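Welcome! Open the structure in your viewer, keep the selection tool handy, and follow along one stop at a time.

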Amino acid sequence: MTKAFVAGALALCAFGATVVPALADDTIKIGYVDPLSGGGASIGQIGLNQLKFIADDVNAKGGVIGKKIEVIGYDNKLSPQVTLVQVQKAIDEGVQIIVQGNGSAVGAAVESFVAKYNERNPGKAVVYLNYAAIDPSLTNQNCSYWHFAWDANVDIKLEALTNFIKSKQEVKKVYLIDQDYSFGHSVADTVVSMLKEKRPDIQIVGNEFHPLVKVTDFSPYIAKIKASGADTVVTGNWGQDFALLVKAAGDSGLKVNWYTFYAGGSGGPTAIKQANLPDQVYQLVEGFNNIDYKPMQDVVRTYIARYKSEPIYYPRIFNMTGMLFKAIQEANSADPAKFAPKLEDMKYATFASGDEGFMRKKDHQFFQPLYMSVFGALDAAKQPFDEEGTGWGWKPSAQIAVKDTDHPTTCEMKRPN
Amino acid sequence: MLEILFISTLNGVLYGMLLFLMASGLTVIFSMMGVLNFAHASFYMLGAFFGFEISRRIGFWPGLVVAPLLVGAIGMAIERYGLRRVHRHGHVAELLFTFGLTFVIQEGVEMVWGKLPVDYRVPPSLDFPAFTAFSTNYPAFKMFELLTAIAIFAVLLLVVRRTRIGLIVQAALTHPGMVGMLGHNVDRIFMLVFGVGAGLAAVAGVIAGPALVTQSNMAGLLGPILFVVVVVGGLGSLGGAFLASLLIGLLQTFAVASNASLAGLLGPLSPSAKQQVFLADIWNVTVAQVAPILPYLLLVLILIFRPRGLMGRRES
C-alpha cells in the first residue's frame, strides 16, 4: 500500500512539474482535505457541507475582493499518507488554502508538509487552516507560521473545564474514564494535575482507560464508577465509546454529572435521550445553536433548511472563514504570503455569540469564549433547536471567558524573512 | 467484595449471552455447511435496521418476527444465486465472496439509512428495571436478551441432535452424494441452513440494535469478537460456542473489575528506577485496561495449544 502511495505521490509531483496549471484569477480555491469515504465520512461530510454553505452565501453577495470562493473536497480517508498525496494534488490544481480538521496525526502531517513546501517554493505560499485537530503539539513544539488553529487545543479545553469545575463546590469525587490512546491519556493526565492545583480538596476516585472502539458492553465499567462513589465523571470519549458508555449508565441507573468534549457528536444526543439522563451530560464547546444570539440563529435556520439531516457541528468553521475573508480583504490579495500577516493578532466577533476572540500571534491559536452546555428538555420559547430529532437539545450552563481559557505556549515560531 | 463478585458474574453472564446470540447463526452456518461466513455481521446489521424500520411503523414485536424472516429470505437468495455457484471453486472463493458481500451490504445500508446512528428504542413494554441488586438496576430488556439466547441455544441443540431434519442436515455436510441418492434435495437443505443462519443473525440484530448503537458501521465494529467465540468454542460446535461466549463474557467483566497490575502484583520485586523507565508501559498497565483485548489473547492461546477449540470435533 505504502509503495502505491509513494508511487502515486511521485507521479503527481511529476505531473505537477510539467503541467503547471494557470492560476485562475477570478476564483479563490479552498481545498478541503478530510475523510469523505469510509468510517470517518459522516463527520467529514458535515464540514464540507458547512464550507460549501458559507461559500454559496459569500458568492451570492459578490464574493471576496470581487473573486468567487470555490470549495473543493479531497478525500484523505483519514490517513496521513493519503492526505499528503491529496494536498499535493490540491496544490497542483491551484489551491493555496488547505482546510483540514479530523485527526491530529493527519493535522501534524499537513502542518509539516506545508511548512516544507513553502520553504522550497518561495513565492507560491500555501496556508493550512485547521478547524479541529487539537493535539497541543501543533501549536507548541511543532508550531508553524503557515498553520492557524481555530479549535481550542486540548490544554486550553482542559484549562477551561477545570476553571469551570473550580467554581462548582458540589463536585467532590471525580472519576476519569478515557479511551486508551494519546488524546484519552492527555485528557486524564492534564485533568488530574490541573485539579490538584485548582481544587486540591477534590478526590480522583478512578482513572480508567479502555481500548479504542473495542468495548461492546460498558456495564462493568459503570459498576466500577458506582462502587467508587463518584459524583462527577470526566470523559474524552467520542462516537460509539461515548454512546455505549452513557447507555450503560442509563440502564444501571447511575446518577452522576458527565463532563465531556464530544457528547454532541453524531449519535451522542440520541444515546443520551435513550439513556434518559436529562440535564446530566455537559459538553464543552465554542458554540451551539441555542445560544440566544439572533445573527447566529438566523444562519442556523437557513442552514437547517438546506441540510436537514446533517447538523452544524463546527461553529468554528464560521469563525475560520469569516477571519480568512476579512484578512483577504484587508490585504486585498488572496495570496497567503500577503494575508497571513493580517490573520496574526486579528480580533474577531465570534459566530456563536458575537463576543470577541483573538488569534494569538505567538502560536497562531485562536482564543474564544467557550461554553459549558447541558443536554436536556428545551424551553420552547427561548431554545428552538433540538438535536437528532430527540426533542432535547443543548442548553447554556455557563460561559467561560476568554481569560479563563488562557494557556501558555512553548512555540518559537520561525517567520518568513 | 461479595457485591463486586455478584455484579461482575451477572454482567459477565449477560454479556456472554449477548455474544452467543450474535454468534449462534455463524456457528450454525459453519457447522452445517462448512462455510465461514464473513458477512454474518452484515446480516446482523441488516436485522437491526429492518427491526428499526418495522418497529417505528408497526412495533418492536412484529419486527422481531418479520425482520429475521426478511433477512433469512435475503440470505437464501444469496445462497441460491451467489454462494452456490462460488461453492464449486472451494473455500477461498467462498471466503472472498462473503467478504465482498460485507462491503455491498454496508454501502446499501448507507444509501438507505445514511451514516448517522438511528434512534432505535427499547420497546416500552420492556423499558423498566427488572430488578435492583446492590443499588444497580438491571433492565428487563437485558433479561429478555438472556432468555432469548438460552431459548435459541436449546432449540438449535434439539433440532440438530434430536430431529430428522438435523440428521439429514448433518449427513448432507459429510455425504452430500449419498443424501442426494436417498431422495433429499441437498441444495435446498443448504439454502435453508444458510437462511436460518442469516435469520438468527437478524434476531441478534433486532435485539442488540436498541441495546447497542444502530449505525452503518456496526457490522465492522462487531466482526472480530464473533470469530473469537466460534474459534475458542471449537469451529462448528454449538455447545462450544455457548461455553466460549460465557467464558469470554466472564473473563472480560472480571478483568475490568480488577485493578491489578504487574507493579501491584510484584510490588517488592520492583525493578530499579532505571529499568522502570523502560518497563513503565507494561509495569503499570492494569488488567482492567487490557480487558477487552483478553479474548483475542485467549484466541491466540487456544489456536496454539488446542487448535480444535474447547468442544470442537476436528483438528482443522
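Begin where the two chains meet: select the residues of chain A that are in contact with chain B, and you should pick up 35 residues of chain A facing 28 residues of chain B. Keep in mind as you look around that this model is predicted.

Stay on the chain A side and color it by element. Helix α2, strand β7 (203-210), and helices α7 (219-228), α8 (239-252) and α9 (268-275) of chain A each bring at least two residues to the side that touches chain B. Which of the elements gives the most to this side? It is α7(A), with 7 residues. Now recolor that side of chain A by residue class: you will find 12 nonpolar, 15 polar and 8 charged residues.

Next, select helix α2 of chain A, residues 41-60. Try the distance tool on its end C-alpha atoms, which are 28 Å apart. That agrees with expectation, because 20 residues at 1.5 Å a residue should span 28 Å. Step just past α2(A) to Gly62(A), where phi is positive, at about 100 degrees.

For the last stop, move to chain B and select helix α3 (residues 60-87) together with helix α8 (residues 186-211). Their axes lie 7 Å apart, and the two helices pack at an angle of about 140 degrees. At that angle, α3(B) is therefore oblique to α8(B). The crossing of α3(B) and α8(B) is right-handed. Color the contact between α3(B) and α8(B) by class to see 18 nonpolar, 6 polar and 4 charged residues.

How values were computed:
Residues numbered from 1 in each chain as written. Chains lettered and ligands numbered in written order. Predicted model: local features only at pLDDT ≥ 70, side-chain atom pairs only at ≥ 80, totals over all residues. Helix = DSSP H or I, 4+ residues; strand = E, 2+ residues; numbered from the N terminus. Expected span 1.5 Å × (residues − 1). Contact = placed C-beta atoms within 7 Å. Nonpolar A, V, L, I, M, F, W, Y, C, P; charged D, E, K, R; others polar. Axes fitted to C-alpha atoms, helices over the stretch in contact; angles between N-to-C directions. Parallel < 35°, antiparallel > 145°, perpendicular 65-115°, else oblique. Left-handed = near helix turned anticlockwise from the far one by under 90°.
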